[in-house]
Structures are given as C-alpha cells and as structure tokens.
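Please read this note with the structure open beside it. Each numbered point takes up one part of the chain and may be checked on its own.

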Amino acid sequence: MSRSRSLRALLALALLPALTSTDAHAAPAKKPVVAVFTLDAKGVALDEPTRDRLSDYFATRLAASGRYQVVPRADLKRRLQGQKKKSYKSCYDSSCQIEIGKELAAEKSLASQVIKLGSRCAVTTTLYDLRR
C-alpha cells in the first residue's frame, strides 16, 4: 500500500467516526457552518497537493454526513491569499484560523494535523467553536 493511501486510511479511521456519527435522539437543527483548513504535516513528508486532497476529503466527508455545512475550500484559499499580500503561506496557527473562519461566517473550524512520533504517525483534529 502506498504511503499516501496508508495516510488516507489512517486519517479516515481516526477522524471521521467522531465527526460524522449521528445521534438518533437529536432534534433536527440548523447545520453548523465549518471552515476546513489545510492539513498540517509535522515531521511527515506530505507535499502541498496531498495535504490539499486530504483536506478536501475531510470537507467532503463532513458535508456528506449531513451534520455540517462546509465553507467551500476555494473561498477559504482566496481569503488566505488575501491575508498574505507578500507571499502565500498556509494558515496553521489557531488564532489565524479562528479569525479567518469568523470572516467567512463559519461557526466552527476544523484544524487537522499528521504528526510523526518516532516511527509512527498520529492524527489530531480540533473542531473550534468560533461563537465562543
């Protein structure tokens, strides 16, 4: 199995059950709007196109769950490029993500990381509530 395919499988197993599970007893409510930021790779060799594809995959799965509305990633990228006048650089800092998420009228933002720990990788995700 290729390294990229292994990482996609790892990310899907680690992230998606918690984000896409449904509660049979929950009353229908307005779906929160989520800004899904580009996955951050720490100590793992993932090129930008791979990080973008994995981030798009997260956004698609969140939208398909029916529990969230997702800010189009093109809008998010356009806003990030507007913030970075001199050079385009991804926004991984939580304060940057919170600010941009609010400007895009998102109620939540999703920040994900793949972190190399020794010979293994771990996946972390944080779903920020931007209204608080």
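The points below concern a predicted model and pass from the strands to the cores, the salt bridges and two single residues.

1. Strand 1 is a suitable place to begin. The strand covers residues 33-36, and both of its faces are covered. Val33 and Ala35 lie on one side, Val34 and Val36 on the other, and all of them are buried.

2. The neighbours of strand 1 come next. Strand 3 (residues 69-70) runs parallel to strand 1, and 2 bridges join them. Within this pairing, Val34 has Val70 of strand 3 as its bridge partner. Strand 4 (residues 108-117) is also parallel to strand 1 and is joined to it by 3 bridges. Here the bridge partner of Ala35 is Ser109 in strand 4.

3. Which residues make up the largest nonpolar core? There are 12 in all: Val34, Val36, Leu39, Val44, Leu46, Leu54, Phe58, Ala59, Leu62, Tyr68, Leu110 and Val114. At least two residues of this core are supplied by each of strand 1, helix 2 and strand 4. Helix 2 gives the largest share, 4 residues. A second core, separate from this one, has 11 residues, among them Phe37, Cys91, Ile100 and Ala106.

4. The salt bridges number 6 in the model. In one of them the side chain of Arg73 meets that of Asp52, at 3.5 Å from N to O. This pair links distant parts of the chain, with Arg73 in helix 3 (residues 73-83) and Asp52 in helix 2, 21 residues apart. Arg73 and Asp52 are both buried.

5. Arg73 has a further partner. A salt bridge joins Arg73 to Asp56, and their closest N and O atoms are 2.5 Å apart. Because Arg73 belongs to helix 3 and Asp56 to helix 2, the pair ties together parts that are 17 residues apart in sequence. The student may ask why the two ends of this pair are classed differently. Arg73 counts as buried because its relative accessibility is 8%, under the 20% limit. Asp56 is partly exposed because its relative accessible area is 33%, which falls between 20% and 50%.

6. Another salt bridge joins Arg131 and Asp129, with 3.9 Å between the closest N and O atoms. Arg131 is exposed, at a relative accessible area of 59%, whereas Asp129 is partly exposed at 26%. Through shared partners, salt bridges connect Lys30, Glu107, Lys108, Asp129 and Arg131 in one network.

7. Is Gly101 buried or exposed? Gly101 is buried, because its relative accessible area is 0%. The residue sits in helix 4 (residues 94-103). Leaving aside residues up to four places away in sequence, Gly101 touches Ala35, Phe37, Ala106 and Leu130. Ala35 is 66 residues from Gly101 along the chain, yet their C-alpha atoms are separated by 5.9 Å. Ala35 is also a residue of strand 1, while Phe37 and Ala106 are included in the second core.

8. Thr50 closes the note. This residue belongs to helix 2 (residues 48-64). Thr50 is buried because its relative accessible area is 8%, below the 20% limit. The side chain of Thr50 makes a polar contact of 2.6 Å with the side chain of Asp47.

Note on methods: Residues numbered from 1 in each chain as written. Predicted model: local features only at pLDDT ≥ 70, side-chain atom pairs only at ≥ 80, totals over all residues. Heavy atoms only, no water. Buried < 20%, exposed > 50% of the residue type's maximum accessible area, 1.4 Å probe, protein only. Contact = heavy atoms within 4.5 Å. Polar contact = N/O pair within 3.5 Å; in protein donor to acceptor, adjacent residues only side chain to side chain. Pairing = 2+ DSSP bridges. Core = buried A, V, L, I, M, F, W, Y, C linked by side-chain atoms within 4.5 Å. Salt bridge = Lys/Arg side-chain N within 4 Å of Asp/Glu carboxyl O.
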